Amino acid sequence: MISTAAGFLVFVMFLMLATQVLYGLYAQSTVRATLNDAASRAANGVAGDDELLRLADEAERSLGRMGDRTTITLRLVDDDGDATPDVVEGVAVADPPRFVPASLGGAAGLGEITASVRVRIERFR
């Protein structure tokens, strides 16, 4: 009887770990895609600082409940030193949904999601 209960407990823990991996991969893909979309929209519109804040906030809200645990930051970068922004850099930090204790999830590499992106601003000449 005890071995059956222990086996069932191990089965449930592996099932929860598999669920955690699947949700973690989905959350990571969604956060990366949302960050890339926000940075691309900023680069296409060559946005100012207030527009970057609005786009970042809009991207966080588009994630639904996951957006409450996500921070997206966009900024303009001048790569060549000509005082004109050339790149939009974006960074997202998110805490994925948890199905296993944080101590086990962190050990399996399922901790915080960090994504970054650089999108070049294209200008017509």
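Start by selecting Leu 76, which sits in strand β1. Keep in mind as you click around that this is a predicted model. Colour the chain by accessibility and look at Leu 76 again: its relative accessible area is 24%. Buried means under 20% and exposed over 50%, so at 24% Leu 76 counts as partly exposed.

Now look across to the neighbouring strand. Which residue stands opposite Leu 76 in β2? That would be Val 88. Select both strands in full, residues 70-77 for β1, and you can follow the pairing with β2, which is antiparallel and spans 8 bridges.

**Along β2**

Next, select residues 87-94, the whole of strand β2. Is this strand mostly covered or uncovered? Mostly covered, with 6 of its 8 residues buried. On top of its pairing with β1, β2 is joined by 8 bridges to strand β3, again running antiparallel.

While you're here, click Ala 92 and draw a distance to Leu 76. C-alpha to C-alpha, the two are 15 Å apart, with their positions 16 residues apart in sequence. Ala 92 has a bridge partner in β3, namely Ala 115. Val 91 has one too: look for Ser 116 in β3.

**Over to β3**

Select residues 113-120 to bring up β3. Try colouring its residues by which face they belong to. Ile 113, Ala 115, Val 117 and Val 119 form the covered face. On the uncovered face you'll find Thr 114, Ser 116, Arg 118 and Arg 120. The two bridge partners you just met split between these faces: Ala 115 belongs to the covered one and Ser 116 to the uncovered one.

**The loop between β1 and β2**

Head back to the loop that links β1 to β2 and pick Ala 83. Check its backbone: phi is positive, about 65°, although Ala 83 is not a glycine. Is Ala 83 buried or exposed? Its relative accessibility is 71%, so Ala 83 counts as exposed.

Thr 84 is in the loop between β1 and β2 as well. Its relative accessible area is 30%, so Thr 84 is partly exposed. Which residues does Thr 84 touch, leaving aside those up to four places away in sequence? Show Asp 78 and Arg 123 to see them.

**Zoom out**

Finally, display the whole chain as a cartoon. You should be able to pick out 3 helices and 3 strands. Going from the N terminus, the order of elements is α-α-β-β-α-β.

Turn the model around to get a feel for its dimensions. Along the principal axes, the C-alpha atoms fill a box of roughly 75 × 25 × 20 Å. The radius of gyration is 20 Å, whereas a compact globule of 125 residues would have one near 14 Å.

Switch on the surface next. The chain exposes about 8100 Å², and 59% of that comes from carbon and sulfur atoms. Buried residues account for 31% of the 125 residues.

Two last views are worth a try. For contacts, take pairs of residues at least 6 apart in sequence: 61% of these join residues at least 24 apart. For charge, colour the side chains by sign and you'll have 12 positive and 17 negative ones, with the centres of the two sets 5 Å apart.

Note on methods:
Residues numbered from 1 in each chain as written. Predicted model: local features only at pLDDT ≥ 70, side-chain atom pairs only at ≥ 80, totals over all residues. Heavy atoms only, no water. Buried < 20%, exposed > 50% of the residue type's maximum accessible area, 1.4 Å probe, protein only. Helix = DSSP H or I, 4+ residues; strand = E, 2+ residues; numbered from the N terminus. Pairing = 2+ DSSP bridges. Rg over C-alpha atoms; globule rule 2.2 N^0.38 Å. Contact = heavy atoms within 4.5 Å. Areas by Shrake-Rupley, 256 points an atom, 1.4 Å probe, with all protein chains shown as cover. Lys, Arg positive; Asp, Glu negative; His and termini not counted. Charge placed at Lys NZ, Arg CZ, Asp CG, Glu CD.
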